[in-house]
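Me: I'd like to go through this structure with you, step by step. Can we start with the ground rules and then take the questions one at a time?

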Amino acid sequence: MSSQVQSIVDKFGNDATRLMDIFIDISKDKGHVGEEDIAEIADQLNISRVDVEQTLSFYHFFSKEPRGKYNIYLNNSVVAEFMGREEVADAVEKATGTQFGSVSEDGLFGLYDTSCIGMNDQEPAAIINGVVFPKITTYRVRELIKSFRAGKTVTEMVNSFGGGQNQSALIKSMVTNNLNRRGAVIFSDHTAGDSFIKLGSMKPKEVIEEVKNSNIRGRGGAGFPTGLKWEFCTRAGNKERYLLCNADEGEPGTFKDRVILTEIPHLLFEGMVIAGYAIGAKEGILYLRLEYEYLQNHLETILDDFRKKGWLGKNVAGIDGFNYDIRIQFGAGAYVCGEETALIESCEGKRGEPRNRPPFPVSVGYLDKPTVVNNVETLCSVVKIIQNGGEWYKSMGTKETSGTKLLSISGDVRYPGVFEIEWGMTIREMLEMAGAIDPKAVQVGGPSGRLIGENEFDRTICYEDLPTGGAMIIIGQNRSILDVIKNFTEFFIEESCGSCAPCRYLTVILRNRLQKIIDGKGVAKDLEYLAHWGKQMKMANRCGLGQTAANPILSGLENFIQDFEAKIEKGKDFDTKFDLDKAIQESSRAVGRFPQA
Amino acid sequence: MSLIKRIFSSKTEENISGEQKKEYSENEDHKNTNKSNVMNDKIKFTIDGKECKADKGANLVEAAKANGIFIPTLCHLEGVKPAGSCRICNVKINGRFMTACTTEIADGMMIENNTTDIQELRNIIIETLFVSGNHYCPACEKSGNCELQALGYRYKMLVPRFPFEFEEKVVDASTPKIFIDRNRCILCKRCVRSLKTKDGKSIFAINGRGHKAMINIDHELANKMTDEEAQNAMDTCPVGSILKKERGYVDPIGSRKYDKKPIGSEIESVNK
Amino acid sequence: MSKPIVATTSLAGCFGCHMSLLDIDDRILELVELVDFNKSPIDDIKEFTQMCDIGLIEGGCCNSENIHVLKDFRKNCKILVSLGECAIMGGLPAMRNNIPIKECLEEAYLNGPSTKDANPEGILPNDEELPIILDKVYPCHEIVKIDYYLPGCPPTADLIWNALVALVTGDEMKLPYEVIKFD
């Protein structure tokens with residue numbers, strides 16, 4: 001019996017809700033969590049092996065099979081494709097002698113396609129053994145693989161540092177911030193802990209009132225009023241409450257939280273303290289995507305600093321009886337965990353499958369206790385709201401959408417990066433601001449949002465008109481809209497938890513039908529089918545992922561029907577992709593016959 | 001020959017039990033008037049305009065059933081916490097799509113169950129399930145007793161509208177009492193949720209995610225299954241994915257559960 | 001008006017659907033009054049001699065000849081009906097769809113209990129005259145446009161009868177619960 005696994009399970013209190021941490025630690029040691037490890041964990045936690053495995057197998061960054069000594073997780077988001085991903089992927093396969101989705105025979109390299117890793121402003125990017133390698137070129141690929149073969153470590157291959165805190169001793173990352181525009185809320189000047197002076201004089205109820213007064217709505221995209229959410233939570237009978245911060249920004253094209261966590265994590269933690277105080281939370285948990293593991297030491301150090309200053313622990317910020325701490329919970333590569341109930345499940349060491357609602361997390365959440373789940377940006381904004389007041393906050397933005405918004409802008413633009421804007425900007429202004437290059441379309445809010453064209457460029461970014469979580473992917477005139485839509489659809493196929501039947505498989509059917517059209521085998525009826533089947537997804541599925549998985553297809557059909565029609569076979573009402581020559585190839589080979597011309 | 005287009009349309013409920021329903025609803029009205037005097041604490045709601053009553057705390061599938069109305073289900077299993085994963089029981093509640101199995105009935109709910117768009121959604125889900133697996137009904141031991149097939153019959157599915165993909169699924173026959181044939185699995189998780197050992201451990205669990213998700217079995221625990229547990233596992237499975245070994249085709253064709261009567265007809269005729 | 005003309009064929013099927021067609025019992029006398037048969041195993045007409053109104057297809061497509069025949073039916077029939085599970089979804093022959101072709105052939109001609117001693121030279125049949133098998137068994141509607149589907153293994157005689165009558169008369173087809181079966 002390996003005592004190593006045993007001590008890891010011990011370290012987390014033999015608690016099955018800490019399975020994620022257990023897997024992460026074992027993976028760090030061994031690179032994978034093998035059959036024997038699973039058995040050992042199961043025995044020690046007194047649960048069955050399949051239960052251990054069902055969590056393990058859910059997450060992209062965990063594996064039961066040994067992975068390589070160097071594992072290359074290459075982003076496959078659409079912007080990565082724009083920026084030459086295919087060329088880079090080919091170079092990686094050639095240099096390592098293995099295919100994506102496999103480990104090289106010598107066990108040196110594991111190659112994995114990976115959904116957006118939050119680096120859309122510096123693609124193509126990959127995570128190799130926890131280190132982010134942005135802006136990869138074929139030259140860089142050959143250099144990296146050669147050096148790895150020569151035994152160099154990933155940290156030895158870090159050859160530059162991004163700006164700001166990326167250069168600090170605790171991060172030392174090649175990632176650049178691309179913070180292109182600071183606004184009046186999130187990125188305005190702030191001295192850590194400033195808001196606590198005011199907080200000490202406020203009752204939790206007053207904090208909630210101030211937040212309600214600001215009209216701030218959740219910044220993840222769904223836009224639920226934050227103050228109201230907090231209030232609901234305090235109304236739940238149970239006194240053991242939790243605050244969860246959702247730092248799992250997995251929507252392809254979003255990377256704003258990365259910049260916050262790098263540059264102003266103290267603002268976030270301050271916000272988590274305020275929210276914790278307001279709802280009477282016992283503990284705050286930062287659910288952080290494993291893609292941002294490189295920020296761990298940086299974040300832990302700031303948390304320690306908070307504890308030293310009395311901003312975490314007992315009687316936080318000098319408030320009598322307010323005992324509260326924050327811990328970081330890592331995810332492990334699952335977009336759906338950005339859905340708040342899936343996030344809660346994941347925090348409990350389970351598969352990230354969204355729960356049925358009601359009950360809502362504010363009454364039955366983490367460990368079945370009342371829980372508030374807030375976005376990183378929301379919690380940062382709250383600090384400034386407490387400091388400057390709800391009225392101040394309301395003075396920015398539009399009538400119904402107050403404050404500022406962080407946009408993550410990427411794609412065919414001269415200045416990809418994070419922009420803090422006041423709500424109410426038009427798409428056209430945004431394109432101008434970021435230096436869009438010959439834009440044909442904008443994917444507003446990432447794949448789950450809306451694909452718009454020129455006809456909607458005068459719409460304004462706000463809840464009254466065009467709401468968004470902030471991911472803005474600019475698509476130039478030279479891009480194939482159908483390929484973009486296919487990339488988005490495949491993202492949803494990969495990231496579906498698999499629970500709801502339509503999300504699990506209707507997405508695959510939709511993708512296949514789209515592929516048929518792309519292959520030039522589509523007929524006019526196929527477009528009707530795509531629209532009709534896609535519409536069902538909205539009605540049929542439990543969570544936001546499934547409900548929006550057909551959005552790229554549906555809004556694509558709405559705004560770019562000419563791109564679809566151009567691919568449709570004229571004058572045909574029936575075509576399958578059947579190809580007789582292809583269908584007899586395998587058997588011809590088997591019997592040694594070659595198809596006659 | 002041009003008239004042919006009119007036929008083969010797969011109309012749904014009307015054909016099956018229009019008459020039964022009419023008779024039933026008369027009885028039901030009668031029953032309600034009798035009851036209303038004694039049971040004022042019951043929750044009142046409507047399904048497709050028909051006034052219904054149920055006990056507080058009942059979920060919508062059960063509440064509808066108590067009123068003689070069938071809401072189709074696949075993942076639902078009485079007495080087990082609802083999963084809401086197959087989505088077949090989607091209904092419209094006060095204009096919004098919700099799964100009936102996960103919804104507790106509330107006073108005044110206006111529920112739509114048998115409408116064209118809901119039926120279309122259900123048909124699409126059923127057809128999706130048929131093509132996402134490899135359902136060779138003629139070669140399946142569960143044929144005639146299979147709930148997915150029965151829904152196909154009830155809703156007159158002549159052919160799924162989607163192409164068959166014939167994805168490879170692995171059969172696990174390595175435990176002594178049961179087979180797991182993943183070709184037929186619809187991932188309803190009934191087995192995952194309900195079949196536990198005496199000390200509460202899971203025998204079945206999901207592995208992987210998305211369309212690659214599949215049911216896994218804990219071999220160590222499955223090896224200890226009794227005949228009775230194996231039978232229970234088979235009965236829990238709505239399709240032919242979990243089968244008890246050394247047993248099959250017990251009921252002759254013609255006397256199987258859904259040979260003569262549609263699934264749900266037992267609910268609709270309950271008060272006849 | 002002349003009688004509608006019916007053609008039938010069995011592709012990768014077992015002729016069970018044709019048997020079921022004959023199972024309409026004495027109604028077969030009525031059927032003869034209703035329709036004429038052209039290319040069909042029933043009258044042994046090998047090639048189409050005229051355009052037909054209805055083509056009944058049993059079986060899916062497992063080899064190149066099936067494809068040829070099916071396309072010929074599409075060309076020569078105004079309406080095509082997929083008859084039975086094999087035509088509709090490949091049926092039992094499609095259970096080989098996840099097994100590599102080579103393995104299938106070797107099992108059939110080299111390793112199977114009836115062939116392993118009878119084929120000492122290990123020959124996989126490969127005469128130019130033989131149709132070549134496809135990578136998988138295809139449902140008919142994945143090859144040509146199919147107008148109607150009659151499920152069952154085989155479809156019940158009543159289902160086939162109801163369908164034929166409806167097609168010929170143009171009346172709405174009767175679909176009582178008992179006639180739709182997938183086995």
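Reply: Sure. Two residues are in contact here if their C-beta atoms, placed from the backbone, lie within 7 Å. Keep in mind that this is a predicted model.

Me: OK, so how many residues of chain B are in contact with chain A?

Reply: Take the two sides of the contact in turn. Chain A brings 31 residues to it. On the chain B side, the number is 32.

Me: Which helix of chain B gives the most to the side that touches chain A?

Reply: Helix 3 (116–132), strand 8 (204–207), strand 9 (214–217) and helix 6 (219–222) of chain B each supply at least two residues of that side. By class, the side has 15 nonpolar, 12 polar and five charged residues. The element that gives the most, with six residues, is helix 3 of chain B.

Me: Now for chain A. Which strands stand at the edges of the sheet with the order 9-8-7-10?

Reply: This is an open sheet of four strands, and the pairing is parallel. An edge strand has a single partner strand, so one side of it is left without a neighbour in the sheet. That picks out strand 9 (325–330) and strand 10 (371–375) of chain A.

Me: And which residue in strand 10 of chain A does Asn246(A) stand opposite?

Reply: Strand 7 (residues 241–247) of chain A runs parallel to strand 10 of chain A, and five bridges join them. Opposite Asn246(A), in strand 10 of chain A, is Asn375(A).

Me: What angle does helix 12 of chain A make with strand 7 of chain A?

Reply: Helix 12 (residues 265–279) of chain A packs on the sheet and touches strand 7, strand 8 (281–288), strand 9 and strand 10 of chain A. Helix 14 (residues 340–347) of chain A touches strand 7, strand 8, strand 9 and strand 10 as well, with its direction at about 110 degrees to that of strand 7. For helix 12 of chain A, the angle with strand 7 is about 150 degrees.

Me: Last one: are helix 11 and helix 15 of chain A parallel or oblique to each other?

Reply: The axes of helix 11 (residues 256–263) and helix 15 (residues 376–388) of chain A come within 10 Å and cross at roughly 50 degrees. Roughly parallel needs an angle under 35 degrees, and roughly perpendicular takes 65 to 115. That crossing therefore makes helix 11 of chain A, relative to helix 15 of chain A, oblique.

Terms used: Residues are numbered from 1 along each chain as its sequence is written. Chains are lettered from A and ligands numbered from 1 in the order in which they are written. This is a predicted model: local features need pLDDT of at least 70, side-chain atom pairs count only at pLDDT 80 or more; totals for chains, interfaces and linings use all residues. Ala, Val, Leu, Ile, Met, Phe, Trp, Tyr, Cys and Pro count as nonpolar, Asp, Glu, Lys and Arg as charged, and the others, Gly among them, as polar. Two strands pair if DSSP finds at least two bridges between them. Axes are lines fitted to C-alpha atoms, for helices over the stretch in contact, and angles run from 0 to 180 degrees between N-to-C directions. Angles under 35 degrees count as roughly parallel, over 145 as roughly antiparallel, 65 to 115 as roughly perpendicular and the rest as oblique.
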